[in-house]
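The following exercises invite the reader to examine a protein structure step by step. Please attempt each task before reading its solution.

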Amino acid sequence: MIDDEFYAIAGRALSENRFAKTIQVERISPTGLGPMIEWTSSRALDVKTQDNDGFYHPRASTVLNILARTLALRWSTGMPLCPVDWAMRLHRGYPDLVSGLPAVGPGWSWLLAGAADYLTQFSGGVKITTHEIKEKYGTLRWHISTSEFSSDIEEHIDCVDFLSGFICEKCGAPGEIIEIRGWMRSRCLKCTGAAI
């Protein structure tokens with residue numbers, strides 16, 4: 001199931017990348033975060049792509065690495081059930097990074113936790129301050145400032161915001177941005193049926 005979710009989210013997120021179809025799940029390995037997908041591609045995925053509207057998307061390799069971390073956390077306890085107090089756990093687990101409680105749905109909890117874990121470990125001493133975590137136009141918006149510029153940190157935050165548009169904000173399953181009662185939301189088919 002975890003590999004199905006990986007392919008579903010990656011396929012949608014990387015639909016503009018012509019090499020996305022070359023991605024293969026090699027194995028799923030146990031890690032401290034949970035079952036981590038190890039993937040390969042027969043093509044280089046380290047270039048930013050531009051869509052038809054002129055917007056640049058994050059590098060596919062970064063998107064896939066963040067997605068693998070997110071799904072490892074999502075499936076770490078077997079069936080993915082988000083704890084009711086997920087926002088408080090995120091705040092307690094990463095108090096220096098997440099100073100307040102995110103104003104988003106529980107489905108993005110694993111995406112935020114994976115990013116917070118990565119940024120805490122690999123920020124290279126750069127201090128990161130979160131000003132706000134919210135939803136806008138169906139995607140997550142993580143507003144930060146840093147003690148010094150880091151393209152890796154900026155790309156990581158951009159990737160989290162980008163990936164949220166392909167993950168259901170309510171449950172964390174593969175989703176897409178749709179309009180519900182005049183509001184843009186990222187939802188899976190199951191949660192969409194409940195919302196209409």
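The exercises below concern a predicted model and treat its core, its cysteines, its surface and two residues in helices.

**Exercise 1. The nonpolar core**

Determine which residues of the largest nonpolar core touch the most other members, and which helix gives the most to this core.

Solution.
1. The largest nonpolar core holds 52 residues, and among these Phe6 and Trp142 touch the most other members.
2. Helix α2, spanning residues 60-74, gives the most to this core, contributing nine residues.
3. Beyond residues up to four places away in sequence, Phe6 touches Ile23, Val25, Ile37, Trp39, Leu64, Leu67, Ala68 and Leu71.
4. As a general background, nonpolar side chains in soluble globular proteins tend to be buried together.

**Exercise 2. The cysteines**

Establish how many disulfides the whole structure contains, and explain why Cys188 is not bonded to Cys171.

Solution.
1. A search of the whole structure returns zero disulfides.
2. Cys171 is accordingly in no disulfide, and its nearest cysteine sulfur belongs to Cys188, 3.6 Å away.
3. A disulfide requires the two sulfur atoms to lie within 2.5 Å.
4. The sulfur of Cys188 is therefore too far from that of Cys171 for a bond, at 3.6 Å.
5. Concerning exposure, Cys171 has 26% relative accessibility and counts as partly exposed, whereas Cys188, at 6%, counts as buried.

**Exercise 3. A surface patch**

Identify which residues form a nonpolar patch on the surface together with Leu81, and decide whether Leu81 is buried or exposed.

Solution.
1. The patch consists of Met1, Met79 and Leu81, with about 390 Å² of accessible area together.
2. Leu81 is placed in the loop between α2 and α3 (86-93).
3. The threshold for an exposed residue is over 50% relative accessible area. Leu81 has 68% relative accessibility, so Leu81 counts as exposed.

**Exercise 4. Two residues in helices**

For Ala87 and Thr62, state the helix in which each lies, and list the residues that each contacts beyond four places in sequence.

Solution.
1. Ala87 lies in helix α3. With 13% relative accessibility, Ala87 counts as buried.
2. Leaving aside neighbours within four places in sequence, Ala87 is in contact with Leu101 and Pro102.
3. The C-alpha atoms of Ala87 and Ala103 are 8.8 Å apart in space, while the two residues are 16 residues apart in sequence.
4. Thr62 lies in helix α2. Its relative accessibility is 11%, and Thr62 counts as buried.
5. Not counting residues up to four places away in sequence, Thr62 touches Glu155 and Cys159.

Note on methods. Residues are numbered from 1 along each chain as its sequence is written. This is a predicted model: local features need pLDDT of at least 70, side-chain atom pairs count only at pLDDT 80 or more; totals for chains, interfaces and linings use all residues. Side-chain values use heavy atoms; hydrogens and water are left out. A nonpolar core is a set of buried Ala, Val, Leu, Ile, Met, Phe, Trp, Tyr and Cys residues joined through side-chain atoms within 4.5 Å. Buried means under 20% relative accessible area, exposed over 50%, partly exposed in between (1.4 Å probe, protein chains only). Helices (H or I, at least four residues) and strands (E, at least two) are DSSP runs, numbered from the N terminus. Contact means heavy atoms within 4.5 Å. Patches are made of residues with over 30% relative accessible area and no salt bridge: like charges are joined within 9 Å, nonpolar side chains (Val, Leu, Ile, Met, Phe, Trp, Tyr) within 5 Å. Accessible areas come from the Shrake-Rupley method with a 1.4 Å probe; for residues, only the protein chains shown count as cover. A salt bridge is a side-chain nitrogen of Lys or Arg within 4 Å of a carboxyl oxygen of Asp or Glu.
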